[in-house]
Each structure stands twice: as C-alpha cells, then as structure tokens.
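Hi,

Here's the structure I said I'd pass on. Have a look at it first, and my notes follow underneath.

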Amino acid sequence: MGGAEHFDVLIVGAGLSGIGAAHHLLEKTPWLSFAIVESRDAIGGTWDLFRYPGVRSDSDMFTLGYGFRPWDGEDAIADGASIRDYIVATAEADGTVERIRFGQKATTAAWSSDDAAWTVEVEAVATGDTSTVTCGFLYSCTGYYRYDRGYLPEWDGYADFEGTTIHPQHWPKDVELSGKNVVVIGSGATAVTLVPALAADAGHVTMLQRSPTYVVSASPLSPLKPGGSFAGPKRSLMRWLYAIGGVVSYWGCRTFPKTTKKLVRRGVTRHLPDGYDVDTHFTPPYEPWDQRMCMVPDADLFTAVSNGEAEIVTDHIDAFTATGIRLRSGAHIDADIVVTATGLEMLFLGGIALSVDGTEVISSDRLIYKGTMLEGVPNFAFAFGYTNASWTLKCELSAAYVTDVLTRMRDTGLRQATPIQTGGSVAPQDFLDLTSGYVRRGAGRFPKSGDTFPWQVHQNYLRDYRAMRLNAVDDGILTLTNPTPLVSARAARSIPAPQGAPA
C-alpha cells in the first residue's frame, strides 16, 4: 500500500449527489483530504448523460437543488441543460472541480481492517490502464443504473425494422424529425417527456404503452421571482414547504388511494377532449405510488394529444415489421423512428466489487443502515435518493450524516465505523417498494431494507431528518473501533495521518 496515493475520503461519481457530497466535506470536515473519480469526462451524471428532447426534472427544483445553494431559476420544473449547468457551477464555486479525476472508473474496493483503509482499483476508461488509490472512507455517489446501456426487451422481428431505433439514454445529436412518424415505446417519465417534445417537430407521434401510468399536470413556474434581497431566505423556506408537501401528498395518496384515483382522473379528463377513453389510456391497474407518478408541466402531454399531434395506444407488441410495429390486437403502427423508452438497467454502486478483509461483499445479503451504509461494511456509504420525492433531499441527509461520522471518528481517534446488527432479528425486505419493471428486474442486485429502525429504509424526508440529523451518531449499532494501534499501524504501512487527527 505504501506506493498508492492516499486520501481520507474517496468519492465515486461527479453527478448531482457526488458534487453535493464534496461540498459537505469541504464545509464540515475541512481537515480531510478527498478526491472524486468520475468514469465519464463531464460533471453532471444523469443530467449530462441524458440529452433527449425535452429532458427535464421530474420533481421541483426547490428540493432537487441543493440546500446549501438554492436553485435560483425561474422554473420550478427545469430542463436538463439548466440542471447540468447548475451542478457544474456548484462544483466550480467551491473548488470541487479541481478534485475530480475524469475518465477514471472505480472497479474494485477492498477493505483492510489492519490498515483501516480501502484499496480501490481504478481503470482509465480511455486506455484500460489500472492504478490503485487508498482511502480511509469510501463514498459511492454512482446513482442506481448502468450508464453504458439502457434496458431493451427482446422483440420478435426487431432486427427486421428498416427505420431508425433510438434509446433515450443515447440520443444522437442530429435526428431529422420533420414529417416523420415516431413511435415512443413506454409510459414512464421519459416517455411522457419525449412525446410532447417530439410532437413539436415530427409529423406524428404515437406513445405505445402496455399499461397506463398515473399522470398529473403541474405548473412549471416557480412561485418566487428570482433576485431581490429576500430571495435566499424565501427559497430556503420554499424548499422546506415543498419537502413537507411531498411527504403529506405521498401519505395522502397511499392512505386514500380511491380518492387519489378520482382526483387524478378528474384532472386528466379536464385536459382531454370530451369522450376521450381515459379508462384505457390513463387509468393504471395498480394503486397510486406503487410506481412513480409522472408530472407533465402545463399539461403538455395532454395538449399534444388533444390537438392531434400525438396519440396514445395501449396494447402489446406482437412483432416488429420492416415498416413499423404489429400489435397483438392485429393493428399495425407505421413508423420511421422508434424510440425505446423502455427503462434502465439497475446497477448498485456503479458495479464496484466490494470485499472486506478478503471476503466478497454480496450486497443483496446485506441490510442497509440509515439508508446510507451497509451492514458489516466499515467506513463505507452510498448516496441513494427518494423514489417518491426529490433525489437530492435524501442524498444531502446522507452527506451530512457521513460528515458527522467522520467528525466523530476524528474526535475519538477511532478509525473504523461499522454498522453491526445486534439484538433481535431483522426481517429483510426489498430496498425499493415500487413495482416498476426496472425495479423488479434489478431488485436482486441491491441490499435489503429491514423491518425495524435503523435498518428500515424510509421514503419519508421528515423521518429521515430526525434519524440522521437529530439523533447522535453513537447509537449502539454503528460501532467505532480501532482494530490495531493507530500509531504503529500507520508507521508500519506509511499511511499519512489526516490533518488534525489525534496522534
């Protein structure tokens, strides 16, 4: 280990959560050294990768933006380019950008209790060359899906189609839409975003779905005007109001599903022509929030359908043909371009293979502690946002909690922090409680939630805020230890001491 470059903390990923995590380290643990490895050549993660027409936030920017740097745009629902610029500007403002190592992919991470350090193998994406970095704490901010490919079902005749096929995860720069018949396969957030955006330029757009999704219209405009001496405090207040409102709304949907269905249906009906078949195309067979609900700014999807630029077809694909798609009903949809908005491939920790003292960590066999650490894995955390609210709300709680743990380790002189299950048994449950296809496909690759606190993963910002910001780090479960004497271990292995740490 003596020849490897060492950091107190290594962050993996320079997207929304990674840049936020870096800021928390800079602000709350300035004595620590850290770096960020990012497999791509740009900041932004999801918001740099996705470039399809109309890409936008699927939650309000008051909560998707950082609490330490409130979103100051005019739109509460923002386009992808604006979000990417916001993340980049945040990284530049506090100097985080200088700590990012682009084109570097973390592939394995091995923890040594003797050294109280991780050895991380890093691959240069462009050349395939590998190197190692050691760190005292490893923080994965890699998101939850594969960046190199999206999910594509197997369809009969797919190779026979003579038109253009596009997956939204890899949208080409120049696509000629004028006069083209475009079919978007899917009914999730990506599909409902693409359809109105494509309809503005294409000849005709068809959204082909197997089953409907709950879709609600929302105003894209911020209730606050940017600028002014009270812009900052007002925006911070709005962040709390949106966060609390989201918790209350989700609770109401889950507690009163029949009422929710009626309200959503009423809203959809109001935006569509009289006699439109809402039951077939906009009434899902599942309960509200069994899958994510989709927001459409200013009812743009409904407008595109109402004016005839787009249509919804609810059916199953029988096979592709040379000129389009044949449905099980026997109907045929002519297509020049098919967009496969068929979902993501979930991937935990960006595919990093973990081991602890020579034993492989099987993530699906581990419980999640406070939504951000893994049972039995020392000095490790991961960022994973909410499925029913803004991603950033949970990730910022996680980042603040990590700095609390690091500060506690510094204050005590202890080098290893490990969540250890003690006491009564904990029943494992699925990490995510959604029934979406991509979640079901990837569930076996993710760790488990428990049925009791602090192993239970909440989808509730207020409960998590209390658990992670108002409770002490020392809870009898997160165990802080020093497996070997601090001074002798460091001297023997030439691991530099963190600045300001006890000798």
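Before the strands come up, one term: two strands count as paired if DSSP finds at least two bridges between them. Also keep in mind that this is a predicted model.

With that in hand, start at β8 (residues 181-185) and β9 (residues 204-209), which run parallel and are joined by five bridges. One pair to click on is Val184, whose bridge partner in β9 is Met207. Helix α5 (residues 189-199) packs on the sheet here, touching β8, β9, β12 and β16 (337-340). The direction of α5 makes about 165° with that of β9.

Zooming out, those two strands belong to an open sheet of five, in the order β7-β16-β8-β9-β12, with parallel pairing. Why do β7 (164-166) and β12 (310-314) each have one side without a neighbour in the sheet? They stand at the edges and have a single partner strand each, so nothing in the sheet sits on the other side. From one strand to the next, the twist averages 20°.

There's another open sheet, this one of three strands in the order β13-β14-β15, and its pairing is antiparallel. As a reminder, strands of a sheet pair through backbone hydrogen bonds, either parallel or antiparallel. The edge strands are β13 and β15, each pairing on one side only. Twist in this sheet averages 20° from one strand to the next.

Going through it strand by strand:

- β13 (residues 317-321) and β14 (residues 324-327) run antiparallel and are joined by four bridges. They make a hairpin with two residues between the strands, and Phe320 stands opposite Ile325 in β14.
- β14 also pairs with β15 (residues 332-334), antiparallel again, over three bridges. This hairpin has four residues between its strands, and Gly330 in the turn has a positive phi of about 100°.
- Across that second pairing, Ile325 stands opposite Ile333 in β15, while Gly324 stands opposite Asp334.

On to the helices. How do α1 and α10 meet? The axes of α1 (residues 16-28) and α10 (residues 391-412) come within 9 Å and cross at roughly 35°, and the crossing is right-handed. On the α1 side, the contact is made by Leu16, Ser17, Ala21, His24, Leu25 and Lys28. From α10, the residues in contact include Trp391, Cys395, Glu396, Ala399 and Leu406. By class, the contact has eight nonpolar, five polar and two charged residues.

Last, something you may want for your own work: the second largest pocket, with a volume of about 1100 Å³. Which residues are closest to its centre? Of the 46 that line this pocket, they are Gly246, Ser249, Tyr250, Trp289 and Asn388. Elements giving two or more residues to the lining are β10 (215-218), α6 (231-255), α7 (257-271), β11 (294-297) and α12 (461-469). Of these, α6 gives the most, with 10 residues. The lining breaks down into 23 nonpolar, 17 polar and six charged residues.

That's what I have for now. Shout if anything is unclear.

Cheers

How values were computed:
Residues numbered from 1 in each chain as written. Predicted model: local features only at pLDDT ≥ 70, side-chain atom pairs only at ≥ 80, totals over all residues. Heavy atoms only, no water. 1 Å grid on protein atoms, 1.4 Å probe; cavity = no way out; pocket = protein on both sides within 12 Å on 5 of 7 lines; lining within 4 Å. Points joined across faces, edges and corners; volume = space filled by probe spheres on them. Nonpolar A, V, L, I, M, F, W, Y, C, P; charged D, E, K, R; others polar. Axes fitted to C-alpha atoms, helices over the stretch in contact; angles between N-to-C directions. Left-handed = near helix turned anticlockwise from the far one by under 90°. Contact = heavy atoms within 4.5 Å.
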